[in-house]
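Colleague: I should be grateful for a close look at one part of this model, namely the way its helices pack against one another. Please take the matter step by step, with the residues named.

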Amino acid sequence: MHAPELDVPRHAEDVATKYMRGLRWGSAGISLVILYGLEVPKLLANWDSYRPVEVQIAAVAVLTVVSVLGAFDRTVRRWRWPLLVLVLATSIAATVTVAPVDRLGTPHWSDEVVGWSLVLLAMGRPAGLFAGLLAVHYVPAFLLAIFDGPVDVTFAGVVNTTLVSSAFQVAVILFANALRRIAMSVARMAREEEQVRTAEAVAAQLHADRKDRYAALAETTAPVLAGLAAGALDPGEESVRRICAIEAARMRRLFGEATVGPDPLVDELMACVGLAERNGVSVRFSERGERPPVPVTMRRLLTEPAVAVLATARGDVRLTVVGTGEQVTVSVVAESVPDAVPIVDNDEITTSTVTSGDLLWVQATWRGRG
């Protein structure tokens, strides 16, 4: 049994995305409020300052769509760069089509709102990228103002207004990046702690399973080993060899419990089948029906008769596992000694033994707790 592998970086990324979702939606709302609450009225009030005015209307439509799409992180991750190119192209087009005298004034309504679209598209990316995008947005207006005629406002006043607008946008980007780093760090630490707790729980369960298996061996195998060591049991006697074979099969079954598989019952029986085949016994195994999971304690009792028969069988053996509703039946037919089959005394399990000549048929059925 191993602790499950956890994708820590992916988990941290998912947590950071969830934390930033609210910030992204808030920024999208700010962008739309500024666009329609502050900038569109400027456009309508200065209708004669644009040549052609259709470019300005198209710019409003583009910035609206980008603000809506920018609220969805998955859309931004997929279309970030095409949308950035579209926004910057819209910014330049809106700047060029403003009358030269108004390029740094109030009629240049797109000057402030484009930055919020860039915030949505650059959120979670390095602050240097956002600074470069702002430069591409603002520089054309200043260059046109310098080389394409005078403007109605002072250069210092425009710079002051630009810095105030940009400061809020840069602050959002810096806050988003800091929030992302903190969220990823916290998520990574939480997942690593979860891995440690999982590993400790798995180790504790493995230790408990090993103690349980050792306890099971101490009840039957340890006395046999002690008897052999003390000389109280003679390995030359048929009955002693039979007992040793049964204990060896029980140990193989316990080893089978340590494996991790979809069907522990079959795994444990197949461990005993392998031991029988090494002793020269031919085993035909079959399974039928859907079986409910059998608890470990009940599995040991359910397979106990079959384990004893497999350990002492001669010639051919037929082993069958059948599931019917809430019942599981383990059946074995072989040439074996009836005295070697243990008696299972449990309210949930019934056993039956039938002999016919040299053949022995043993069947154990677990009825479950339903």
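At what angle do the axes of α4 and α5 cross, and within how many Å do they come?

Modeller: This is a predicted model, and the description that follows should be read as such. The axes of α4 and α5 cross at roughly 155° and come within 10 Å. Angles over 145 degrees count as roughly antiparallel, and α4 and α5 are therefore roughly antiparallel to each other. Their crossing is right-handed. On the α4 side, the contact is made by S110, D111, V114, G115, L118, V119 and A122, and on the α5 side by F130, L133, L134, H137 and Y138. By class, the residues of this contact of α4 with α5 comprise 8 nonpolar, 3 polar and 1 charged.

The helix α4 also packs against α2. Here the angle is about 30°, and the axes lie 9 Å apart. Angles under 35 degrees count as roughly parallel, which makes α2 roughly parallel to α4. The crossing of α2 and α4 is left-handed. From α2, the residues L63, V66 and S67 take part, while α4 contributes V113, V114, S117, L120 and L121. The contact of α2 with α4 has 6 nonpolar and 2 polar residues, and no charged ones. V114 is thus named both in the contact with α2 and in the contact with α5.

A further partner of α2 is α3. These two helices pack at an angle of about 160°, with their axes 10 Å apart. That angle makes α2 roughly antiparallel to α3, and the crossing of the two is left-handed. In this contact V55, Q56, A59, V62, L63, V66 and L69 of α2 meet T75, V76, L83, L86, V87, T90, A93 and A94 of α3. Its residues divide into 12 nonpolar and 3 polar, with no charged residue. L63 and V66 appear in this contact and also in the contact of α2 with α4.

L121 of α4 shows how these elements meet at a single side chain. Setting aside neighbours within four places in sequence, L121 is in contact with V66, V76, R80, L83, L84 and V87. Of these, V66 belongs to α2, and V76, L83 and V87 belong to α3.

The helix pairs can now be placed in the core of the model. The largest nonpolar core has 40 residues, and those touching the most other members are L63, V87, W109, L118, V119, L121 and F130. At least two residues of this core come from each of α1 (8–45), α2 (53–69), α3 (73–96), α4 (110–122), α5 (127–147) and α6 (155–230). Another core, of 29 residues, lies apart from it and includes L265, V281, V294 and A364.

Several individual residues around these helices deserve separate mention. E39 lies in helix α1. A residue is buried when its relative accessible area is under 20%, and E39, at 1%, is therefore buried. Beyond residues up to four places away in sequence, E39 touches I34, W109, E112 and V113. W109 is among the residues of the largest core that touch the most other members, and V113 is one of the α4 residues in the contact with α2.

G70 is found in the loop between α2 and α3. This glycine counts as buried because its relative accessibility is 0%. Apart from neighbours within four places in sequence, G70 is in contact with R24, V76 and L120. Although G70 and A28 are 42 residues apart in sequence, their C-alpha atoms are 6.6 Å apart in space.

Another loop position, P52, lies between α1 and α2. A cis peptide bond joins R51 and P52, with omega about -5°. Most peptide bonds are trans.

Finally, the wider setting. The chain has 9 helices and 5 strands, arranged along the sequence as α-α-α-α-α-α-α-α-β-α-β-β-β-β. Of its 370 residues, 41% count as buried. Among contacts in the chain with a separation of 6 or more, residues 24 or more positions apart account for 73%.

Conventions:
Residues are numbered from 1 along each chain as its sequence is written. This is a predicted model: local features need pLDDT of at least 70, side-chain atom pairs count only at pLDDT 80 or more; totals for chains, interfaces and linings use all residues. Side-chain values use heavy atoms; hydrogens and water are left out. A nonpolar core is a set of buried Ala, Val, Leu, Ile, Met, Phe, Trp, Tyr and Cys residues joined through side-chain atoms within 4.5 Å. Buried means under 20% relative accessible area, exposed over 50%, partly exposed in between (1.4 Å probe, protein chains only). Helices (H or I, at least four residues) and strands (E, at least two) are DSSP runs, numbered from the N terminus. Contact means heavy atoms within 4.5 Å. Axes are lines fitted to C-alpha atoms, for helices over the stretch in contact, and angles run from 0 to 180 degrees between N-to-C directions. Angles under 35 degrees count as roughly parallel, over 145 as roughly antiparallel, 65 to 115 as roughly perpendicular and the rest as oblique. A crossing is left-handed if the near helix is turned anticlockwise from the far one by less than a right angle, and right-handed if clockwise. Ala, Val, Leu, Ile, Met, Phe, Trp, Tyr, Cys and Pro count as nonpolar, Asp, Glu, Lys and Arg as charged, and the others, Gly among them, as polar.
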